[in-house]
Amino acid sequence: MFFATFPQEEGAKKLAKKCKKTRFFLQKKFDKTKKSVIMVSMNNRLRNSEKITMDVIARNLEVSKTTVSRAISGKGRVGRETRDRVLKYIESLGYKPNSMASALAGSKTYNIGVVIPDTDERGGAPFFKDCLVGVTEASARRDYDTVLAVISDGNYGNLERLVNGRRVDGVVLTRGDKNGSMAAYLRSHEMPFVLIGRDSQDGVYQIDSDQKDGCCELTAKMLKESPNGVALMAGPKEMDIERLRYEGYAQAFLLAGRKVDQNLVFWDSEKRLDACLDALLKSEVRCVACSDDLLCLKLMGALKQRGFSVPEQMKVVSFFDSEDLEKSEVPVTSLHVDTKALSQQAGDLLIDVLDGKNPDMRNFAKCSVLYRSSFRNSAV
């Protein structure tokens, strides 16, 4: 029911004329309102017939979910024309963009943080580059973007800005830290994350190459070719990866029914390479495995300086492959990990977690042995 009021001093004739005009105006207003009610009713039926999600909006507008999220949140790069089209569509459904931003998008950014260390560690750059590329490719396939956070020892400022500002939905750690403080920080802020590597703590989603089995396989191949045994040039004993590679090395001896000669296991050998090489050359062993590519290249150089040829006088392998080993003067047989594929799996694992799936906490990717000139398996 509509009401109209007029000043008391107007005469009856004027009042009647006014009322006639008012009835006409109100009838038009009613008809227009009626149409609006019908339009809203239709929109309500549309809303009730299909749950309105970012997927639905993205599909109907033929844009990505990331674009929809950025348009309604006002964060991130999106063209004005596209943003206006998204907001107009949202309003046509009876929503206000501000309420849509909180009720529909929530804190979802469709961004994945990738954390890499700011390190001058030689040989590390290609690994972390492949990690970034792999996670980015996996994220793009599932309509996410990646944000890079570079950190240094004890300084997680870039990571903290991403987490505290809720600029990402989850994080991929390309390497853990010694005391697990990064993982503890992410847990305390309820930020989902996946570690590329291994963590002995429960409740950490992680993925790593199956280093132990790979090292066991390669050492076993060498033992078949070397009746006198196989030496090991290893890194610092306190590093998890070094101990893991040693476990694979030792398992090969166990499976072959042989004992490891601990005098030929040289821990932290890079710092005392000449002394380790002296001890190796005094023995009858002419097969040696190096725990990583950099150590292997140093050993190859030292052998050359002493007049020893590879593989004729010393067979050499590496438990970690790199382009430098492939292109060295004598290409080195190595344990190969497809870092990019591994990182793609890490990205998929994190997005599965974000999607509410229940993936395995511990995941492993197979390694493969690439045989080159420094050691040829006779069965190959």
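A good place to start is the beginning of helix α12, where a side-chain oxygen of Asp292 comes to within 3.1 Å of the backbone nitrogen of Leu294. That pair is a polar contact, meaning N or O atoms within 3.5 Å, one able to donate a hydrogen and the other to accept it, with residues adjacent in sequence counting only if both atoms are side-chain atoms. This is a predicted model, in which local features need pLDDT of at least 70 and side-chain atom pairs pLDDT 80 or more, while totals for chains, interfaces and linings use all residues. Residues are numbered from 1 along each chain as its sequence is written, and side-chain values use heavy atoms, leaving out hydrogens and water.

**The chain as a whole**
- The protein chain has 14 helices and 12 strands, taken as DSSP runs (H or I, at least four residues, for helices; E, at least two, for strands) and numbered from the N terminus.
- Of its 380 residues, 42% are buried, that is, under 20% relative accessible area with a 1.4 Å probe, protein chains only.
- Among contacts (heavy atoms within 4.5 Å) with a separation of 6 or more, 68% join residues 24 or more positions apart.

**Helix α12**
- Helix α12 covers residues 293–305, and its end C-alpha atoms lie 19 Å apart, which agrees with the 18 Å expected for 13 residues at 1.5 Å a residue; the expected span is 1.5 Å times one less than the number of residues.
- Its buried residues are Asp293, Leu295, Cys296, Leu299, Met300, Ala302 and Leu303.
- Their cover includes β6 (231–233), α11 (273–282), β8 (287–290), β9 (315–318) and α13 (323–326).
- After the helix comes Gly307, with a positive phi near 85 degrees.

**Cysteines**
- The whole structure holds 0 disulfides, a disulfide being a pair of cysteine sulfur atoms within 2.5 Å.
- Cys290 is in no disulfide, and its nearest cysteine sulfur, that of Cys296, is 4.2 Å away, too far for a bond.
- Cys290 counts as buried because its relative accessibility is 0%, and Cys296 is buried with a relative accessible area of 0%.

**Nonpolar cores**
- The largest nonpolar core has 57 residues, of which Ile112, Val230, Leu232 and Tyr249 touch the most other members; such a core is a set of buried Ala, Val, Leu, Ile, Met, Phe, Trp, Tyr and Cys residues joined through side-chain atoms within 4.5 Å.
- Helix α14 (residues 339–354) gives the most to this core, with 7 residues.
- A second, separate core of 24 residues includes Met233, Val285, Leu295 and Cys296.

Key
Buried means under 20% relative accessible area, exposed over 50%, partly exposed in between (1.4 Å probe, protein chains only).
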